[in-house]
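I opened this entry to look up side-chain interactions. The topics are charges over rings, ring pairs, salt bridges and one threonine.

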Amino acid sequence: MHHEDEKLQRGLSNRHIQLIALGGAIGVGLFYGSSTTIQMAGPAILISYLIGGLVIFTIMRALGEMAVEEPVSGSFSSYANRYLGPFAGYLTGWTYWFMWIVVGMAEITVAGVYVNYWFPSIPQWLTALVVLVAITGINLINVKAFGEFEFWFAMIKVFAIIGMILAGLGIILFGIGNGGQPIGFENLWVHGGFMPNGVEGILFSLVLVMFSFGGVELVGITAGEAENPGKSIPSAINKVVWRILIFYIGAIGVMMILFPWNQVGSEGSPFVQIFDQIGLSGAGHIINFVVLTAALSAFNSGLFSTGRMLYNLSLQNNGPKYFGQLSKQRAPRRGILFSSSILLIAVFLNYVVPEKVFIYISAVATVAVITSWTIILLAQLKFRQTKTKAEVEKLKFKMPLHPFSTYIALSFLALVIVLMGFIEDMRVALFVAPIWFGILYTGFHLKIKKVIEVSKIG
């Protein structure tokens, strides 16, 4: 098993690990989903992202504590298996695969929206299909090239966000591109106040805010193969979290200062809308290119993760042996192609209900990612319980304020699930989740039954 796992190692450096996690988290949630969250909370959405960011930091530190002590490729699926039991490992691995399938559906859906900015006559489903085929092809070429390819892919959007923040500050403070008239900060409070929809608006926006942060836990999967986990994992986790907070709060803050929050629509990216309104010639096209790249980058990361997770599940005897074989290029080709074929569902949904696809997919993905985060926190609690006082003292990357921080984060995730029940378009996920868990429960027990029968024959 260990020998097989080594075949898939990519030798990712710290810069690769950080940018892959950053790239996975800065995608559709920021560039497209932010318009929906802004409508929910108004300028107070900044508070939502700050709260969500602090919870994410807690989850990542829980993962980091285990990953530094036990750096394994299976990451939290492996920890779940070890500390919460075989079913928890099975459920985590398959749910994480499912999450990236669903996120992938969201990414190729909005790729269609961005292409419509230039070519309104091209149907969304056709763009989704082209993107699916192209990114699948890239993933099948070469495993070694993935780290570098995704690094530069992610760098485009990181530099674009920094540029957007700096350009926005130039317009706000000095009136650059606005006839020398500084816009000022009034848009943050003149349109119904800073909290136009009250505390309720902040609470409901937290659901989509948490969806936006999905992907940061990729650090756990990639960092499991780092040469020096004691240094690279703490560095990656601490830096990724505060960078994401700066990008989200900085970019959205600038966005709402430039443009009244109640006029930020959901027709394409709010980034593009704002620069078009300001009148910077060509900026809308540049930003649209960047957000399209961002969607493709996050989709590329996601598809790679699905192939990898199916490969790992196969090695742990939690998935079909079929997925345990690598191609000549050392890529988990069978897992990638299987995931890609499932993603065709998104193409079909874009054909049938293009206007509702994003919100439905976001809802299902939110439940899946919250399940993964919950299991990380529960595994960390059990991980600590197995340690003596002396062993806890020796932990190199201790979870701050344990166990209180873990319980607070778990309570927050439970609150998000409850809130989903009050949002009509999000409610669909609460029906999908029990069906999915039921399928996994049945599958796991059929697997156990088969193992028992085989051992009896043996």
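I count a charge as sitting over a ring if NZ of Lys or CZ of Arg is within 6 Å of the ring centre and within 35 degrees of the ring normal. The model I am reading is predicted.

**Charges over rings**

I looked up Arg-61 and found its charged end over the ring of Phe-397, 4.0 Å from the ring centre. I then looked up Arg-243, whose charged end sits over the ring of Trp-242 at 5.8 Å from the centre. The cut-off for the distance is within 6 Å, so I list Arg-243 and Trp-242 at 5.8 Å as well.

**Ring pairs**

How many aromatic pairs does the count come to? I noted 16 aromatic pairs. Among them I looked up Phe-151 and Trp-152, with 5.0 Å centre to centre and 90 degrees between the planes. Planes over 60 degrees apart count as edge-to-face, and I entered Phe-151 and Trp-152 as edge-to-face. Phe-151 has 7% relative accessibility and I put it down as buried.

Next I looked up Phe-323 and Phe-338, an aromatic pair at 5.3 Å centre to centre. Their planes are 50 degrees apart, and I entered the pair as tilted. Which parts does this pair tie together? Phe-323 is in the loop between helix H14 (283-315) and helix H15 (333-342), while Phe-338 is in helix H15, so the pair joins parts 15 residues apart in sequence. Buried means under 20% relative accessible area, so I noted Phe-323 as buried at 5% relative accessibility. Phe-338, at 32%, I noted as partly exposed. I also traced a cluster in which ring pairs link Trp-94, Trp-97, Tyr-322, Phe-323 and Phe-338.

**Salt bridges**

I counted 3 salt bridges.

I looked up Glu-65 and Arg-384, whose side chains meet in a salt bridge at 2.9 Å, N to O. Where in the chain are the two residues? I found Glu-65 in helix H5 (residues 45-69) and Arg-384 in helix H17 (residues 357-385); the pair links distant parts of the chain, 319 residues apart. Are they buried or exposed? I have both Glu-65 and Arg-384 as buried.

I looked up Arg-82 and Glu-70, which form a salt bridge with the closest N and O atoms 2.5 Å apart. Arg-82 is in helix H6 (residues 75-83) and Glu-70 in the loop between H5 and H6, so this salt bridge ties together parts 12 residues apart in sequence. I noted Arg-82 as partly exposed, at a relative accessible area of 46%. Glu-70 I noted as buried, at 14%.

I looked up Lys-398 and Glu-393, where the side chains meet in a salt bridge at 4.0 Å, N to O. Lys-398 is at 31% relative accessibility, and I entered it as partly exposed. Glu-393 has a relative accessible area of 58%, so I entered it as exposed.

**Thr-92**

I found Thr-92 in helix H7 (residues 86-118). Its relative accessibility is 1%, so I recorded Thr-92 as buried. What lies 2.5 Å from a polar atom of the Thr-92 side chain? I found the backbone oxygen of Ala-88 there. I then listed what Thr-92 touches, leaving out residues up to four places away in sequence: Phe-76, Ser-77, Ala-80 and Ile-375.

Key:
Residues are numbered from 1 along each chain as its sequence is written. This is a predicted model: local features need pLDDT of at least 70, side-chain atom pairs count only at pLDDT 80 or more; totals for chains, interfaces and linings use all residues. Side-chain values use heavy atoms; hydrogens and water are left out. Rings of Phe, Tyr and Trp (its six-membered ring) pair if their centres lie within 6.5 Å; planes under 30 degrees apart count as stacked, over 60 as edge-to-face and the rest as tilted. Buried means under 20% relative accessible area, exposed over 50%, partly exposed in between (1.4 Å probe, protein chains only). Helices (H or I, at least four residues) and strands (E, at least two) are DSSP runs, numbered from the N terminus. A polar contact is a pair of N or O atoms within 3.5 Å; within protein, one must be able to donate a hydrogen and the other to accept it, and residues adjacent in sequence count only if both atoms are side-chain atoms. Contact means heavy atoms within 4.5 Å.
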